[in-house]
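Thanks for coming, everyone. Please have the sequence and the structure open while I talk.

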Amino acid sequence: PENPVEIVEPNNCLPEVRKYVLELAPKVAKEVGASKPIRLELDRGVVVKDGRESISATNPDTEPVKQLYNCDIWSKLSEEQKKKVVAHELAHAFGIRDEYKASEVADKVVSK
């Protein structure tokens, strides 16, 4: 064969996540009353919360704030679901600890 190697790369959702972050961050910041900008690091990987695989997670205790996205699960979501996931994680990144409140912020921001 001309090329005996076929390279298979894992799904990479980060370019799409980045697009949604840039679109939604100003709206989320306004909704939560964020007073200062944050530095955000996006990475991909398998996210496990409460013993189950999930779509994403944010650690606001790191500098920059770290967001991890499970790109295999990401590919199964609709565009609206993706936006809600990003907005939810951005709410956490801007300091909202409560899961319910972060989801409420995401619903408001995405429905506008």
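Let's start in helix α4. Glutamate 104 and lysine 101 both sit in this helix, three residues apart, about one turn of the helix. Keep in mind that this is a predicted model.

Why might that spacing matter? An α-helix has 3.6 residues a turn, so residues three or four places apart point the same way. And side chains of opposite charge can pair when their charged atoms come close. Here the side chains of glutamate 104 and lysine 101 do meet, in a salt bridge of 3.6 Å, N to O. Is either residue buried or exposed? Glutamate 104 has 29% relative accessibility, so it counts as partly exposed. Lysine 101, at 36%, also counts as partly exposed.

Next, the overall layout. The protein chain has four helices and five strands. Along the sequence, the pattern runs α-β-β-β-β-β-α-α-α. The C-alpha atoms fill a box of roughly 60 × 30 × 30 Å, taken along the principal axes. Of the 112 residues, 36% count as buried. The accessible surface comes to about 7300 Å², and 49% of that belongs to carbon and sulfur atoms. Now take the contacts with a separation of 6 or more. Residues 24 or more positions apart account for 61% of them.

Back to charges. How many salt bridges are there in the count? The count comes to 10. I'll show two that span the sequence.

One is lysine 82 with glutamate 16. Their side chains meet in a salt bridge at 3.2 Å, N to O. Lysine 82 lies in helix α3 and glutamate 16 in helix α1, so this pair ties together parts that are 66 residues apart in sequence. Look at the accessibility of each partner. Lysine 82 has a relative accessible area of 10%, and the cut-off for buried is under 20%, so lysine 82 is buried. Glutamate 16, at 26%, counts as partly exposed.

The other is lysine 108 with glutamate 31. The closest N and O atoms of this salt bridge are 3.4 Å apart. This pair links distant parts of the chain: lysine 108 is in helix α4, glutamate 31 is in helix α1, and 77 residues separate them. Lysine 108 is partly exposed, with a relative accessible area of 41%. Glutamate 31 is partly exposed too, at 26%.

There is also a network. Glu41, Asp43 and Lys66 are linked in it by salt bridges.

Now helix α3. It covers residues 79-93, which makes 15 residues. From its first C-alpha to its last, α3 reaches 21 Å, close to the 21 Å expected at 1.5 Å a residue. How much of α3 is buried? The number is 11 of the 15 residues, so the helix is largely enclosed by the rest of the structure. Among the buried ones are Val85, Val86, His88, Leu90 and His92. Lys82, from our salt bridge, is on that list as well.

What covers the buried residues of α3? The cover includes helices α1, α2 and α4, together with strands β1, β4 and β5. After α3 comes glycine 95, whose phi is positive, near 110°.

One residue in strand β5 deserves a closer look: glutamine 67. Its relative accessibility is 0%, so glutamine 67 counts as buried. What does its side chain reach? A polar contact of 2.9 Å joins it to the side chain of tyrosine 69. The side chain of glutamine 67 also reaches the backbone oxygen of glutamate 89, at 3.1 Å. Now leave aside neighbours within four places in sequence. Glutamine 67 is then in contact with residues including Leu40, Leu42, Ala57, Thr58, Leu90 and Ala93. Glu41 and Asp43 are among its contacts too, and those two belong to the salt-bridge network with Lys66.

Last stop, lysine 49. You'll find lysine 49 in strand β2, residues 47-49. Lysine 49 has a relative accessible area of 32%, so it is partly exposed. Not counting residues up to four places away, lysine 49 touches Ser54, Ser56, Ala57 and Glu99. How far is lysine 49 from proline 64? They are 15 residues apart in sequence and 21 Å apart in space, C-alpha to C-alpha.

That's my tour. Over to you for questions.

How values were computed: Residues numbered from 1 in each chain as written. Predicted model: local features only at pLDDT ≥ 70, side-chain atom pairs only at ≥ 80, totals over all residues. Heavy atoms only, no water. Helix = DSSP H or I, 4+ residues; strand = E, 2+ residues; numbered from the N terminus. Expected span 1.5 Å × (residues − 1). Buried < 20%, exposed > 50% of the residue type's maximum accessible area, 1.4 Å probe, protein only. Contact = heavy atoms within 4.5 Å. Polar contact = N/O pair within 3.5 Å; in protein donor to acceptor, adjacent residues only side chain to side chain. Salt bridge = Lys/Arg side-chain N within 4 Å of Asp/Glu carboxyl O. Areas by Shrake-Rupley, 256 points an atom, 1.4 Å probe, with all protein chains shown as cover.
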